[in-house]
Amino acid sequence: HSSECIKVLDLDATIRFMSPGGAVVMEMDDVRACEGQHWPSFWDAGARKLVVSAVETARAGGTARFEAQAATFKGTLKWWDV
């Protein structure tokens with residue numbers, strides 16, 4: 001029951017799960033709206049490079065961390081610590 005935005009991605013960066021708390025933080029009416037979506041598509045071009053790099057690091061068995069801005073489903077621009 002975390003209020004954090006917890007996601008599970010496959011190694012192709014497709015969102016397979018988002019927590020109910022994530023739906024609140026992302027200003028979504030239905031958490032299922034993001035399931036099956038490609039996670040990098042939620043980020044603007046500048047941040048997308050960081051996202052793709054993080055996914056590539058995970059695919060290689062490592063961990064990654066980055067901070068970047070992205071809009072919620074209602075268009076609110078927020079900083080994210082991923």
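**View 1. F66 and the residues it touches.** Leaving out residues up to four places away in sequence, F66 touches W39, W43, L50, V51, A54, W80, D81 and V82. Keep in mind that this is a predicted model. F66 also turns up in the next view, as one of the core residues that touch the most other members.

**View 2. The largest nonpolar core.** Here we're looking at a set of 18 residues. Those touching the most other members are M18, M26, M28, W39, W43 and F66. Which elements each supply at least two residues of this core? They are β2 (15–18), α2 (45–59) and β3 (67–71). The top contributor is α2, which gives four residues. As a bit of background, nonpolar side chains in soluble globular proteins tend to be buried together.

**View 3. Helix α2, end to end.** Does the length of this helix fit its residue count or clash with it? With 15 residues at 1.5 Å a residue, α2 should span 21 Å, and its end C-alpha atoms are indeed 21 Å apart, so the two agree. At the N-terminal end, D44 does the capping: one of its side-chain oxygens sits 3.1 Å from the backbone nitrogen of G46. Just past the helix comes G61, with a positive phi of about 95°.

**View 4. The two faces of α2.** On the buried side, the residues to pick out are A47, V51, A54 and V55. Looking down the axis of α2, its buried residues fall within an arc of 100°, so they line one face of the helix. An α-helix has 3.6 residues a turn, so residues three or four places apart point the same way. What do the buried residues of α2 pack against? Their partner is β3. Swing round to the face turned away from the buried side and you'll find the exposed residues A45, G46 and K49. G46 is thus an exposed residue of α2 as well as the one whose backbone nitrogen D44 caps.

**View 5. T14, tucked into a loop.** T14 belongs to the loop between β1 (7–9) and β2. Is this residue buried or exposed? T14 has 13% relative accessibility, which is under the 20% limit, so it counts as buried. Setting aside neighbours within four places in sequence, T14 is in contact with V8, L9, G36, Q37 and H38.

**View 6. G22 in helix α1.** G22 sits in α1, which runs over residues 20–25. Its relative accessibility is 0%, so G22 counts as buried. Which residues does G22 touch, once those up to four places away in sequence are left out? The answer is E4 and C5. G22 and E4 are 18 residues apart in sequence, while their C-alpha atoms are 5.7 Å apart in space.

**View 7. The salt bridge between K74 and D29.** The structure holds five salt bridges, and this one pairs K74 with D29, with the closest N and O atoms 3.9 Å apart. The pair links distant parts of the chain, 45 residues apart: K74 is in the loop between β3 and β4 (77–81), and D29 is in the loop between α1 and α2. Both partners are exposed: K74 has a relative accessible area of 58%, and D29 comes in at 77%.

**View 8. The salt bridge between D30 and R32.** The side chains of these two meet at 3.0 Å, N to O. D30 is partly exposed, with a relative accessible area of 32%, whereas R32 is exposed at 57%.

**View 9. R65, D81 and E67.** The side chains of D81 and R65 form a salt bridge, 2.7 Å from N to O. This pair links distant parts of the chain too: D81 lies in strand β4 and R65 in the loop between α2 and β3, 16 residues apart. R65 counts as exposed, at 59% relative accessibility. Which residue joins R65 and D81 in a network of salt bridges? That's E67. D81 should look familiar, since F66 touches it as well.

**View 10. S41, ahead of α2.** S41 is in the loop between α1 and α2. With 46% relative accessibility, S41 counts as partly exposed. S41 and V51 are ten residues apart in sequence, and their C-alpha atoms are 9.5 Å apart in space. V51 is one of the buried residues of α2.

Terms used: Residues are numbered from 1 along each chain as its sequence is written. This is a predicted model: local features need pLDDT of at least 70, side-chain atom pairs count only at pLDDT 80 or more; totals for chains, interfaces and linings use all residues. Side-chain values use heavy atoms; hydrogens and water are left out. A nonpolar core is a set of buried Ala, Val, Leu, Ile, Met, Phe, Trp, Tyr and Cys residues joined through side-chain atoms within 4.5 Å. Buried means under 20% relative accessible area, exposed over 50%, partly exposed in between (1.4 Å probe, protein chains only). Contact means heavy atoms within 4.5 Å. The expected span of a helix is 1.5 Å times one less than its number of residues. The arc is that of the directions from the helix axis to the C-beta atoms. A polar contact is a pair of N or O atoms within 3.5 Å; within protein, one must be able to donate a hydrogen and the other to accept it, and residues adjacent in sequence count only if both atoms are side-chain atoms. A salt bridge is a side-chain nitrogen of Lys or Arg within 4 Å of a carboxyl oxygen of Asp or Glu.
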